[in-house]
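Colleague: Before I use this model, I would like to go through the terms you apply to it. Please take them one at a time and say what each rests on.

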Amino acid sequence: MNSIHDMGGMQGLGELDYQESEPMFHEPWEGRVHAMAMVLPLFRGFRTEIESIPAAEYLRMSYYERWLTTLYAQVVKHGLVTTEEIESGRADPDSAKATSAVTPEAALARLRRIRQSDEATDIPAKFSVGQRVRGRNINPTWHTRMPRYTRGKIGFVERDRGVAYLPDNETSADPRKLQHVYLIRFTARELWGEQASPRDSLYIDMWEDYLEPA
Amino acid sequence: MSQSKTGSLDRRGFIKGAAAGAVAASTPGTVHAQDDHQDIPSDPALRVKALESLLVEKGLVDPAALDALVDTFENRVGPRNGAEVVARAWLDPAFKQRLLDDGTAAIAELGFSGWQGEKLTVVENTPDVHNVIVCTLCSCYPWPLLGLPPTWYKSAAYRSRAVIDPRGVVRELGLELPDDIEVRVWDSTADSRYFVLPERPAGTESMSEDELAALVTRDAMVGVAKVASPAVGVGA
């Protein structure tokens, strides 16, 4: 989605607000939001929801305000809670429990787990290391992990990362589309022109659907 | 190097107020926080409380699980983990090689693993190459080694500028990179998470692993600073 979250290369977005050290959560509610997002089965569509926040609001909100807005939307979309319940603040006595609560032990195990990956390594790779590729000119109206600054730009395959699920398909009818991901190197000059240093590069992992031979 | 804390807090306060206003304005039937008749409170703390108590009442959330996660983030993960990895790599060349070859497997040797660290790539700073980490699309960050990202890493300014002007951004944070060094920016937009192995500073030849780890900062492992030499007190 060409929304404000895809901001790589933009200018004029304010200050860095650098602090040498800061607490993990600035206020207790931020920790609750982070933890709720981790224990509820809301992952599918979570990013699409964040990216759908109108640009002006997105920029005004703090990081966890975006998460909170998204949590409210997602619990309803996933059928965990009804809008009536949110408005009344009370559970409907007749509502069915959609899922059981994650225990503290399971929550911590989730945090520590090592994800099993490469479950289908026999999927053939379209591109090979060293190959010249171009970022495709795609403009999906849903979630993608292809930043727009890579569109139409020529880079080189540095590494084949193996296979992973294409995030663009997460909310589609074919949510588990596996394909190769490649580490791509773009020169800074290819991306940003003559103002960039001729020595500098940008490295980014890109799914096969984001690339075409060049 | 650090901006005034008061200034940042003022700015945060302003942003929060504006956001609460925006939420109130965009939610039909919602009025300001001081009004007793509102449906959904506009203050984030109250909105979170309302949501949590509803989810608990419905049996969808165990508050003890939230406590356990918050405690872990606040007390058990953070840049000290990453510093331990860096110090080990500086002292043990075989470990360093394993770390650069397969970051996930190497950090597991020291007991670090988990969410946002499942596919870890470690990139090494040298006299010729300087690496900078960013996530332009959200705020991807190697949690097991660095904890949750700081506000500036998540800021629109860092996310937008780190790719187009990495030298300018690190200069603003106090690090001047010479023209003849190669800067590599790593945009963490897929499953890989990135971690910078900083250069070991001069004057640390006789230091122990713990002493070395104490020198390593979060910023050096994101690539917006160097590790300061203990003799000089500031980064070269």
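Modeller: Chain A has seven helices and five strands. Bear in mind that the model is predicted.

Colleague: What makes a stretch of chain A count as one of its helices or strands?

Modeller: A helix is a DSSP run of at least four residues in state H or I, and a strand is a run of at least two in state E. Along the sequence, the pattern for chain A reads α-α-α-α-α-α-β-β-β-α-β-β. The secondary structure of chain B comes to 12 helices and four strands.

Colleague: How many residues of chain A are called buried, and on what grounds?

Modeller: The label requires 20 or more other C-beta atoms within 10 Å of the residue's own. Of the 214 residues in chain A, 37% count as buried. In chain B the buried share is 47% of 236 residues.

Colleague: How do you know which residues of chain A are in contact with chain B?

Modeller: Two residues are in contact if their C-beta atoms lie within 7 Å. On that basis 77 residues of chain A are in contact with 73 residues of chain B. Among the elements giving two or more residues to this side of chain A are α4 (63-77), β2 (154-165) and β4 (201-207). The element that gives the most is α1(A), with eight residues. By class, this side of chain A has 39 nonpolar, 16 polar and 22 charged residues.

Colleague: At what angle and distance do α1(A) and α3(B) pack?

Modeller: Two packed helices are described by the angle between their axes and the distance between the axes. For α1(A) and helix α3 (residues 63-75) of chain B, the angle is about 115° and the axes are 9 Å apart. Their crossing is right-handed. The residues that meet include A:A35 and A:M36 from α1(A), and B:L66, B:L69 and B:F73 from α3(B). This contact has nine nonpolar, one polar and one charged residues.

Colleague: Why are β4(A) and β3(B) called a pair?

Modeller: Two strands pair if DSSP finds at least two bridges between them. β4(A) and strand β3 (residues 182-187) of chain B have four bridges, in the parallel sense, so they qualify as a pair. One of the residues involved is A:S201, whose bridge partner in β3(B) is B:R184.

Colleague: What about β1(A) and β5(A), parallel or antiparallel?

Modeller: Strand β1 (residues 132-135) of chain A pairs with β5(A) in the antiparallel sense, over three bridges. A:R134 stands opposite A:E212 of β5(A).

Colleague: In what order do the strands of the open sheet run, and is the pairing mixed or not?

Modeller: Seven strands form the open sheet, in the order β5(A)-β1(A)-β2(A)-β3(A)-β4(A)-β3(B)-β2(B), and the pairing is mixed.

Colleague: Why do β5 of chain A and β2 of chain B stand at the edges?

Modeller: β5 (211-213) of chain A and β2 (129-134) of chain B each have a single partner strand, so one side of each is left without a neighbour in the sheet. The twist from one strand to the next averages 35°.

Colleague: Which helix lies across β4 of chain A together with β2 and β3 of chain B?

Modeller: That is helix α9 (residues 156-164) of chain B, and its direction is at about 150° to β2(B).

Technical notes: Residues numbered from 1 in each chain as written. Chains lettered and ligands numbered in written order. Predicted model: local features only at pLDDT ≥ 70, side-chain atom pairs only at ≥ 80, totals over all residues. Buried ≥ 20, exposed ≤ 12 C-beta atoms within 10 Å, placed from the backbone. Nonpolar A, V, L, I, M, F, W, Y, C, P; charged D, E, K, R; others polar. Axes fitted to C-alpha atoms, helices over the stretch in contact; angles between N-to-C directions. Left-handed = near helix turned anticlockwise from the far one by under 90°.
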